[in-house]
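Student: I am new to this structure and would appreciate a close look at a single part of it. Please set that part in the context of the whole chain.

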Amino acid sequence: MSILFLSGPSGAGKTTFLQLLRRGELAPHLQSMFEPGAADWPVLDMTNELRDAIKRDGAEAVWSRIGAPDRRVIHYDIVSVPRSGQATYADDPTFDFIGGLDDVQFVFLRPAPDQLLQQFSTRLEARQAEKFILSRIWTRLLRPKFEQKLYADADAIGEICDRWGDFAGQIAAKHGNRPVIELRPVYGGARKPDFEVVRVGLSASGCGHSKRSR
């Protein structure tokens, strides 16, 4: 099984990246970094419900239940671990889930901290304008408010990015040794989204204003 592991903080542009990949609208040099059929792979969102199922039933049972194909994109929010209070990414059941796979390609969408805050705030305003039911208050309002406060602290989000970049490199080395592709969202004059390659490698490169990059 081959996995395209698409990661980044909430609001970094993961959904936009997938849309551009599917439409063949990424820059040619970037589009060529992925398998030709990756644009059509089904997407699996790594939710808390899915994590609970992995912990409860085991990775093999969950893969069997979801009828996993030979190719899949995993959509992963890197803030989910610190938000849940887990000490390290190694504690996340996600990595039991991919533990037996030998072909995992990591993509890390990593906006600069001020850019991430702006992108997330714009999305939060749009969500708050929507109607939502009581059971969705956490996902539509309270969780985004937590993240907006986090994103306003450049050092804090920078440290999370650094931790994830290092961990992703370690995991990638164990699952096919493909380099982590680190991308930054950019916008042209017409505000058309695109992504630029920051680096391709197996370790973190620093994240904007993080303490480690000073």
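Tutor: About 10600 Å² of the chain is exposed, and carbon and sulfur atoms supply 50% of that area. The model is a predicted one. Of the 214 residues in the chain, 46% are buried, and the secondary structure comprises nine helices and six strands. Among contacts with a separation of 6 or more, 73% join residues 24 or more positions apart.

The part chosen for the close look is helix α4, which spans residues 59–66. Its buried residues are A59, V62 and W63. Viewed down the axis of α4, these buried residues fall within an arc of 100 degrees, so they line one face of the helix. An α-helix has 3.6 residues a turn, so residues three or four places apart point the same way. On the other side of α4, E60 and S64 are exposed. The cover over the buried residues of α4 includes strands β1 (2–8) and β3 (71–77), together with helices α3 (48–57) and α6 (94–97). Just after α4 comes G67, which takes a positive phi of about 60 degrees.

For the wider setting, the largest nonpolar core of the chain has 54 residues. F5, F17, F106 and W164 are those with the most contacts inside this core. Helix α9 (residues 154–174) contributes the largest share of the core, eight residues. As for F17, once its neighbours within four places in sequence are left aside, its contacts are L6, L26, F34, V107, L109, L183 and F195.

Terms used
Residues are numbered from 1 along each chain as its sequence is written. This is a predicted model: local features need pLDDT of at least 70, side-chain atom pairs count only at pLDDT 80 or more; totals for chains, interfaces and linings use all residues. Side-chain values use heavy atoms; hydrogens and water are left out. A nonpolar core is a set of buried Ala, Val, Leu, Ile, Met, Phe, Trp, Tyr and Cys residues joined through side-chain atoms within 4.5 Å. Buried means under 20% relative accessible area, exposed over 50%, partly exposed in between (1.4 Å probe, protein chains only). Helices (H or I, at least four residues) and strands (E, at least two) are DSSP runs, numbered from the N terminus. Contact means heavy atoms within 4.5 Å. Accessible areas come from the Shrake-Rupley method with a 1.4 Å probe; for residues, only the protein chains shown count as cover. The arc is that of the directions from the helix axis to the C-beta atoms.
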